[in-house]
Every structure is written in structure tokens, then in C-alpha cells.
Amino acid sequence: MKKRICFVLDQFLYGGIERVAINYLQNIDMKKYCVDVVILSNVEDMIQHIPKDCNIIKINIPRNHNPLSRASTMVRRPAGAILYYGTYLLKKFFISPVDLFKTRILRNKEYDVAIAFSGHLNDCYVVLNCIKANKKIVWAHGMIYQYLLMSPAFEKMYSKFDKIVSINHLNQNDIFYCKPYLNYKIENLYNPAMIEDTKLSEIELNNLSQKYGDYILSVARLETPKDFLTLVKAFKILKDNNKTKCNLVIVGDGPDRSKIETYIKQNNLENNIFLVGSQDDVAKFYKTAKLFVLSTESEGLGMVIIEAMNFGLPVIATDAPYGPRDIIRNNEFGVLTPVGDEKLLAQEINKLLENEELYNYYKNQSLKRYLDFIPEKIMEQFYEIIGEDQNGK
């Protein structure tokens, strides 16, 4: 008899968490598992990549429907306790019945494992309160203490999960030094890295190369934590000093796009920096790029770094908490630069592009590091964490 697994996601946009979810869904043995995918808010075309064997359930439950969603007001507002308990009771007794109605389809099902995969307030809430499952697991896409600092709600919710899966292999147990009363069971598991190769022909790839020339590549949502302005400013320094003939291609979309476009126009970089938006076929850009750079302020793990390594691209990333550091490991598998320092970022880009021996070294190191994230290796650990062996027994 097939085991039943439920993945619950906050949303399904063109983002890193969604891409990781797709990697898991595409590698689960559907002959042994029945998989439901529950999506709680915004949906984009990326949903098309969920395997057809999965049952997709869309329910509109935003993050603020969690009765604990205002828990942070207790520590951030002068009258925090009054505001918190007032909104808590309001949500508990008035919004929850609405959620009960929305989730009636879930309440009639039973699962062996339910996973709050986004690790946000609403998917945690739905897994804990609206789904029947023998085992309930939450994915932490960053350091666990960051979630606890973000909102007291996470501390309370985490205690109710059977396991917390941390995508970082850095020491998550630090939280127990300052909060020794916590009784969390934490498992470390890297994300599986799998990106479908481009279907473009060699002629089409050559056309792409001719269109953008030799180029530096970056891939991420265009939003504040990704700090694309630092990368764009670093690129401007290189151009102003005639340090590179490369262009810059940025794959992704998001709320910061207009701000980035304004900077590009103000500095006459329209012929050198290309914002190509969200792309179904990101592989074609990895395959034709010269170098991969990520100038993020924070990063759970950094799937785009691993994907770039799969294509043998040397990687430069900011030493953001905590993913890039975990992957690159003190410049062993790439180059780390300080967060927000465009001058040092420009310096390291120039050094790597100018030094052929160093460039080839990091190219080989990228291919070597990628082997730690291959799906076959990660899925064995995944089955162990959800309480199965790799044969689904």
C-alpha cells in the first residue's frame, strides 16, 4: 500500500523554496508514495513543473490567518501584550472557522507524513491544525535562531513538530545554549540540486552567446534581501575602470526591478546589463555564462549557487548568513566577499576573470562540490528523515 505524503507551501512563485520543492517532488518514487501538494496563496506559472502524478490543492490562507501571526507585537510594541492577545482571540474565534471551512478537503484526509515545506507561519499553521498525519515535519530554510528572532510564534509552533529539517549543516544547536528548555529534534539535510538541461541546440546557444557576449550571471528574485544593487554597482566599477569586457545578465523578477532599472539607466549601463525576467529555461544561461555571482544579504542555502556549480561555473558570493558560507566553505569551493561591499566584489570578479589558472581551479572545485547535492544522495537521507528506508518500507 502506498504511503501518503502532504507537502504544504506558503505560495508557488518563481523562488528558491519552490524550486527545491519541485526537485523533491520529481525524485519521489510515485510507485510507493501518493503525494498531495497544498498551496496557500500566490501562484505563478512555475506550478507547471510539479509532476502530474501529484495532486495539487489550492487553498487561500495568507500568513496572517495564523492566530500567532501577531506574536511579535509583544516585544516590538509598548502595548504589545494587549494588542497580541486581542488579535489572537479575534483570529482564534473568528478567522479559524473560516479556515476550517477552507480546509475541509484536508480534514477528510489522513497522511503518513505532513510537511510544512515553506516553513512560514501559514503552512506551519495548516500542518499543525488542519491536517491529520502520523508525523509532522517542518523545513527551516535558514538558521533556526533567525526564525525564533523573527517571531515568538515559531518557538511555540516548532515544539509541536516531530522534526525540524535544517538545510544548513552549520551548528544549529547554538539555540540550546540560550534556550536550554527547547526540546527540538533537528535533522540536517542539504537540498537536492537538480536542474533540467536546456533543450536549445548548439546553434541556439551560440545565438544566445552572441546576443549577450561574454557575461557574468546572477539568478534570484529581484527583492531587497538579494541586494542586486551591490552587484550592479560592482559591475559599474569594473566598467568605469575598463576592467572587464563582460556584460551582466540577471535572471529573475520581483518588486525591486524598477529600482534596479532606474540605476542602470541613470548610469548608462543599458547596453551592458540585461534584466531578462523569470525564465523556465534557466539552464541555457548557466550553460553560456562565464561566471556566477550572488550578492545577497541573506540566504538559506543558495540553490542557484549549487545549480551554477553543476554547470562548472566558478562562483563568487557574498558571505551572507548562512548558505553561501556553508556551500563555499572558507573559499574552498568559490570566493566569498563581504556583504554590501561593491568595491571588494568588483576586485574579486576582476581577479577571477583575469587569472586563468585561478578561474580553472574554481571551475573544477564547483564540479566537485556539486556531487554533495545530487538527488540520489539527498533522497536516501530524505526517506530516513520521514521514517522510511530508501525502499519506502
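**View 1. Helix H13 is largely enclosed by the rest of the structure.** In this predicted model, helix H13 covers residues 303-310, and seven of its eight residues are buried, so the helix is largely enclosed by its surroundings. Which residues of H13 are the buried ones? They are Met303, Val304, Ile305, Ile306, Glu307, Ala308 and Met309. Keep following the chain just past H13 and you meet glycine 312, which takes a positive phi of about 75 degrees.

**View 2. Seven strands line up in an open, parallel sheet.** Reading across the sheet, the order is S3-S2-S1-S4-S5-S6-S7. Strand S3 (55-58) and strand S7 (186-188) are the edge strands, since each of them pairs on one side only. Neighbouring strands in this sheet are turned against each other by 25 degrees on average, direction ignored. If you wonder what links such strands, it helps to know that strands of a sheet pair through backbone hydrogen bonds, either parallel or antiparallel.

**View 3. Strand S1 has a parallel partner in S2 and another in S4.** S1 and S2 are joined by seven bridges, and phenylalanine 7 has valine 37 in S2 as its bridge partner. Four bridges join S1 to strand S4 (residues 110-116), where alanine 114 stands opposite cysteine 6. How much of S1 is covered? The strand is mostly covered, with five of its seven residues buried.

**View 4. Helix H1 lies across three strands.** Those strands are S1 (3-9), S2 and S5, and H1 (residues 16-27) runs at about 170 degrees to S1. Together, S1, H1 and S2 make a right-handed β-α-β unit.

**View 5. Aspartate 36 is a buried residue of strand S2.** S2 spans residues 33-39. Is aspartate 36 buried or exposed? Its relative accessible area is 5%, and buried means under 20%, so aspartate 36 counts as buried. Leaving aside residues up to four places away in sequence, aspartate 36 touches Arg4, Ile5, Cys6, Phe7, Asn55, Ile57, Lys109 and Tyr111. Two names in that list, Cys6 and Phe7, may be familiar from View 3: cysteine 6 stands opposite alanine 114, and phenylalanine 7 is partnered with valine 37.

**View 6. Strands S5 and S6 pair in the parallel sense.** S5 takes in residues 132-140 and S6 takes in residues 163-166, and four bridges connect them. Look for isoleucine 137, which stands opposite lysine 163 in S6.

Terms used: Residues numbered from 1 in each chain as written. Predicted model: local features only at pLDDT ≥ 70, side-chain atom pairs only at ≥ 80, totals over all residues. Heavy atoms only, no water. Helix = DSSP H or I, 4+ residues; strand = E, 2+ residues; numbered from the N terminus. Buried < 20%, exposed > 50% of the residue type's maximum accessible area, 1.4 Å probe, protein only. Contact = heavy atoms within 4.5 Å. Pairing = 2+ DSSP bridges. Axes fitted to C-alpha atoms, helices over the stretch in contact; angles between N-to-C directions. Right-handed = clockwise from strand over helix to strand, strands pointing away.
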